[in-house]
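Me: I've got this model open on my screen and I'd like a close look at how the buried part of it is put together. Could you walk me through it?

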Amino acid sequence: MGVDEYQKENDELVMNFLRRTFFRGWRENIPNWNRIELFIDYVCNQDCVYCYLARHGSELYPPEARSDPKRLLNNAKMLIDWLVENNFVPNIDIFSGEPTVKPVFYEIVRYIVDRYKDMDRKPDVVVPTNYTFLLSDALTRKVEDLLMYGLKHGVRIFLSASVDGKYCEKNRPLRARPELDPRDDRFYDKMFRFNKKWGFGFHPMIYADYIDVWKLNFLWFQENFKKYGIPFWNIYLLEVRNPEWKPKQLREFGEFIKFLVYYTYNVILGGSKSKFIDFLFRLKGYNILNPFSRVGRGIGCSLQSMLYVRIGDLKIVPCHRTSYKHLELAEFVVKDGRIVGIRAINPELMIAIFTFDAENFPYCEQCPIKHICSHGCLGAQYEFTGDLFTPFPTLCQLELTKIVNLVEALRDIGVLETVRSIVAPEVRSDIDNVVRLFIKR
């Protein structure tokens, strides 16, 4: 078989796989196959201590992919045109080092709105942002103008507040003179007012550094939620699954998990078991307290439900944390200013990425909590072990700490048996394993 024929067969393999998954999902709005991410670039105005873009950004967005804003905009427009021409309506994530400080971000989102505004079904656009745009009145007006533009034309634009909170902001210093950080109480007042006005949520990260102040930090969030009329559950907590966690920090993390259960049950919900069960399953338990619900894919993160496209070179990558050159999956083919096809680069890895089940990873396969573990981040695993699919010891310690303390706290408040009666049999078995192996009677 010649090289050209081999490439042709791989191209058809990739296209056939995409037709049966994402292409169908984008047309029919099928959960787990209905999203696409536009990865704009890695440059950010913050230097977060746990951030992979801060550590490895120049590798994840290699020199040949870094583009001037005109090329980024042109590539994004070609991709959006291709989606519309094929009647694809995926929900669209815009990912970047802080996007709102970059003019090209506004041009891309407006183009999305313009191309979809006359279609019967329209995408949602989700944008994680560190909210530093609130430090500038001009940028704040620009962001709100964009949100209003989307509403006017029926395209909902959601901002996700990637802000760790007043007591943990040292993990997210500004690059420009961090010793003069302007994010004071007035900044946070603007943030809460902004999210109340627009109905947006909060997505702080739980990291090893300053884990000892997270109880205070959570109470600060809740005090402000009450002050500004924001629902108590409108916060999505996610532990940073990096290898830096030390034994003392893990113990603090476990105590924080228990605190979340006790505080929510006793203080917020007044000791109501039925309300707590509703909070856990319908309101998702701040995310971090509900590892019991099945997501219908092989890993809990969006890796398998989203097609990630690096806009600088129109390469399809596993995700923004694994977009190293040697892990590229495929690329869009451009001719005469239009996307005309998709060329396979690594079809074997593409199929592995979208079909693996983390329960079968090394170490996970025999683990007693594999059905309720959040599992590792493939990017963090690759950075630490050199392999996408192999967990590392501190990750396992982190997740076991979370699960054991959660199950013990649920038992303490008297809802564990109710949880057991709701969940799938394999999840119930894992809960029983935790009680049998790790919790003193």
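Here is a walk through the core, one helix at a time.

Reply: One thing before we dig in: this is a predicted model, and every value below is computed from it. Start with the largest nonpolar core, which has 149 residues. Within that core, Ile 94, Tyr 131 and Phe 292 touch the most other members. Take Ile 94: leaving out neighbours within four places in sequence, Ile 94 is in contact with Leu 38, Ile 40, Phe 105, Ile 108, Val 109, Ile 112, Val 125, Val 126, Val 127 and Pro 128.

Some of those partners bring us to helix 4, residues 103–116. Its buried residues are Val 104, Phe 105, Tyr 106, Ile 108, Val 109, Tyr 111, Ile 112, Val 113 and Tyr 116. What do they pack against? Strand 1 (35–39), strand 2 (91–95), strand 3 (125–129) and strand 4 (157–161), plus helix 3 (69–85) and helix 5 (137–152). As for length, the 14 residues of helix 4 should span 20 Å at 1.5 Å a residue, and the end C-alpha atoms are 21 Å apart, so the two agree.

Now over to helix 3. Its 17 residues should span 24 Å at 1.5 Å a residue, and its end C-alpha atoms are indeed 24 Å apart, which agrees. The buried list for helix 3 runs Leu 72, Leu 73, Asn 75, Ala 76, Met 78, Leu 79, Ile 80, Asp 81, Trp 82, Leu 83 and Val 84. Among the elements covering these residues are helix 1, strand 1, helix 4, strand 8 (306–310), strand 10 (330–335) and strand 11 (338–344).

Helix 1 (residues 3–28) is where you'll find Trp 26. This Trp 26 has 0% relative accessibility, so it counts as buried, the cut-off being under 20%. Not counting residues up to four places away in sequence, Trp 26 touches Trp 33, Asn 34, Arg 35, Ile 36, Trp 82, Leu 83, Asn 87, Phe 88, Val 89, Pro 90, Arg 121 and Leu 307. One of those, Asn 87, is 61 residues along the chain from Trp 26, yet their C-alpha atoms are separated by 8.1 Å.

Last stop: helix 12 (residues 393–412) and helix 14 (residues 425–438), whose axes come within 10 Å and cross at roughly 90°. The two helices are therefore roughly perpendicular to each other. Helix 12 makes the contact with Leu 400, Ile 403, Val 404 and Val 407, and helix 14 with Ile 431, Val 434, Val 435 and Phe 438. By type, that contact has eight nonpolar residues, no polar ones and no charged ones.

How values were computed:
Residues numbered from 1 in each chain as written. Predicted model: local features only at pLDDT ≥ 70, side-chain atom pairs only at ≥ 80, totals over all residues. Heavy atoms only, no water. Core = buried A, V, L, I, M, F, W, Y, C linked by side-chain atoms within 4.5 Å. Buried < 20%, exposed > 50% of the residue type's maximum accessible area, 1.4 Å probe, protein only. Contact = heavy atoms within 4.5 Å. Helix = DSSP H or I, 4+ residues; strand = E, 2+ residues; numbered from the N terminus. Axes fitted to C-alpha atoms, helices over the stretch in contact; angles between N-to-C directions. Parallel < 35°, antiparallel > 145°, perpendicular 65-115°, else oblique. Nonpolar A, V, L, I, M, F, W, Y, C, P; charged D, E, K, R; others polar. Expected span 1.5 Å × (residues − 1).
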